[in-house]
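Hi,

Here is the structure I promised to send over. Have a look at it first, and my notes on what turned up follow underneath.

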Amino acid sequence: MLDTIAAISTAVGEAGIGIVRLSGKNAIDIGNSVFKGIKDKELIETSNRRLTYGHIIDHDNNQIIDEVLIAYMKEPYTYTKENMVEIYCHGGIIPVKKTLELLLKKGARLAEPGEFTKRAFLNGRLDLSQAEAVIDIIKSKTDKSFQVSLNQLEGSLSSQIKGIRNILLSMIAHIEVSIDFPDEDVEDITYEELERDAYKVKSNIEKLLSTADRGKILRDGINTVILGKPNVGKSSLLNAILRENRAIVTDIPGTTRDIIEEFINIDGIPLKIIDTAGIRETDDIVEKIGVDRAKESLENADLLIAVFDASRDLTKEDMDIIELSNSKKSIIILNKTDLPSKFTKDSIEELVGDREVITASIAKGIGIDVLEKNIKDMFYSGKIDIESDTVVTNIRHKNQLEKSLKNIDSAIEDIKSMVPLDCVEVDLRNCWENLGEISGDTIGEDILDKIFSEFCIGK
Ligand SMILES: Nc1nc2c(ncn2[C@@H]2O[C@H](COP(=O)(O)OP(=O)(O)OP(=O)(O)O)[C@@H](O)[C@H]2O)c(=O)[nH]1
Ligand SMILES: [Mg+2]
């Protein structure tokens, strides 16, 4: 961890400025070796944390690389808690790339994805859930998901996890005392006390877990799949919700072949909306792949919008769609009601049970508002006040919470049947460790590598 890393921290492309960062023991020296200020002033002669004007220069051949602003920041009060230098180049691909190349030539190593944040974690400036919040902030697509990530970065999840782990630690400590010093004059912990504390732990874990599904939705958007047989108006619906002509619409059945994904925002609720190929039996190889993809996309769907065409008779293909939709939260759209109908709303309502059926004429813009309101009602109870609440948005955190819930359940069972305390302690310890993996207090190198590999380079 002693080497000095460098990377381009801004997105590559044409822009006003581009920032190259250095972090590590030699960052300031390396920065100094490529800089020339006004009247030959060196970087180390300037003040800590102050932007200075000058040039990046390859002193080996006296070549000017770019005109820049530069600042160094001395450890430990930096993003990584190490010495850092930030160089503000002109935007565009060449100035930042050339500057980076020069830094590498002067002894810096190209940073891996997320390595700056990883160092912030390893140096104790952020815990793991906070570091993960940094990725989520970068990737967030809506105000709400941004706000939740920001709360996580501020430590809302960390502090709750810490609270639960403290209860566990105190239980473990009491058990150890009882086991190790049975004759001493310390008061033994009773099974009743253990049970009471274990239930406290359990309810806290459950509370966090109950936010997890909602959390996933905030992070990724509600995964919404539009499904139906060919030509019922699926792509028309996508376009209507997006309010743009994103997907090709024609009167030829089998127009959409591939999956089309778009993100939109309905009054702050993020939707990932997926238009699919019309489902039918077909010998066309390309269409067949499309149909398979449509069915696959259903697996991860949070919400299904099943579309039916009222102007044509219901067919076996429609029955298949109803069948497929049974296992999912779904909304049924009865489309093309501007044309003479071949079947009624009642007849389809009978087939879909207690699910809502919306009559629509997507081509005429009728029914879209009702659909949007339905989606809102289904997912946005408004009960969670995002600004103050902790929401678990990360699958890894959810898995750890589930594991620790199993541990505490098993501990509770043991406590109730009054098995020896050292057995209880094993479960409590596992629970403590599994929770610790969320904050990164107990975690293996391989998991760390996996987490940080999700970052972009330069963060
Ligand atoms: N009359 C009428 N026609 C509509 C309506 N909605 C869509 N259509 C027409 O139905 C045809 C098929 O629409 P698409 O949106 O391409 O249907 P699709 O379900 O995506 O079809 P595939 O991609 O082939 O599976 C087009 O000609 C649309 O203009 C409607 O509400 N009323
Ligand atoms: Mg289509």
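**What I found**

Let's start with Thr78: setting aside neighbours within four places in sequence, this residue is in contact with Arg49, Met73, Met84 and Arg125. Keep in mind throughout that this is a predicted model. Thr78 sits in the loop that runs between strand S5 (63-73) and strand S6 (84-90). Buried or exposed, you may ask of Thr78? Thr78 is buried: its relative accessible area is 8%, and the cut-off for buried is under 20%.

Now for the overall layout. The domain assignment splits the protein into domain 1 (5-111), domain 2 (132-211 + 391-453) and domain 3 (221-379). Between the C-alpha centres of domain 2 and domain 3 there are 42 Å.

Next, the annotated spot. Which residues does UniProt list under "binding site"? The entry, which is unreviewed, gives Ser235 and Thr256. They span 22 residues in sequence, but no two of their C-alpha atoms are more than 7.6 Å apart, so they gather at one spot. Both Ser235 and Thr256 are also part of the lining of the largest pocket.

Taking the two in turn:

- Ser235 belongs to helix H9 (residues 234-242). It is buried, at a relative accessible area of 8%. Not counting neighbours within four places in sequence, Ser235 has contacts with Ala247, Ile248, Val249, Thr256 and Asp275.
- Thr256 lies in the loop between H9 and strand S9 (260-266). Thr256 is buried too, with a relative accessible area of 10%. Leaving out residues up to four places away in sequence, Thr256 touches Ser235, Ile248, Asp275, Thr276, Ala277 and Gly278.

If you put those two contact lists next to each other, you'll see Ile248 and Asp275 in the one for Ser235 and again in the one for Thr256. The side chains of Thr256 and Ser235 are also joined directly, by a polar contact of 2.8 Å.

Last, the pocket itself. The largest pocket has a volume of about 320 Å³. Of the 25 residues lining the largest pocket, those closest to its centre are Asn231, Val232, Gly233, Ser236 and Thr250. Which element gives the most to this lining? That is H9, with 3 residues.

If you want somewhere to begin in the viewer, try Ser235 and Thr256, the pair from the UniProt entry, and then look at the pocket lining that takes them in.

Cheers

Definitions and conventions
Residues numbered from 1 in each chain as written. Chains lettered and ligands numbered in written order. Predicted model: local features only at pLDDT ≥ 70, side-chain atom pairs only at ≥ 80, totals over all residues. Heavy atoms only, no water. Domains from an automatic or database assignment. UniProt positions renumbered as here; feature names shortened; annotations may be inferred. 1 Å grid on protein atoms, 1.4 Å probe; cavity = no way out; pocket = protein on both sides within 12 Å on 5 of 7 lines; lining within 4 Å. Helix = DSSP H or I, 4+ residues; strand = E, 2+ residues; numbered from the N terminus. Buried < 20%, exposed > 50% of the residue type's maximum accessible area, 1.4 Å probe, protein only. Contact = heavy atoms within 4.5 Å. Polar contact = N/O pair within 3.5 Å; in protein donor to acceptor, adjacent residues only side chain to side chain. Points joined across faces, edges and corners; volume = space filled by probe spheres on them.
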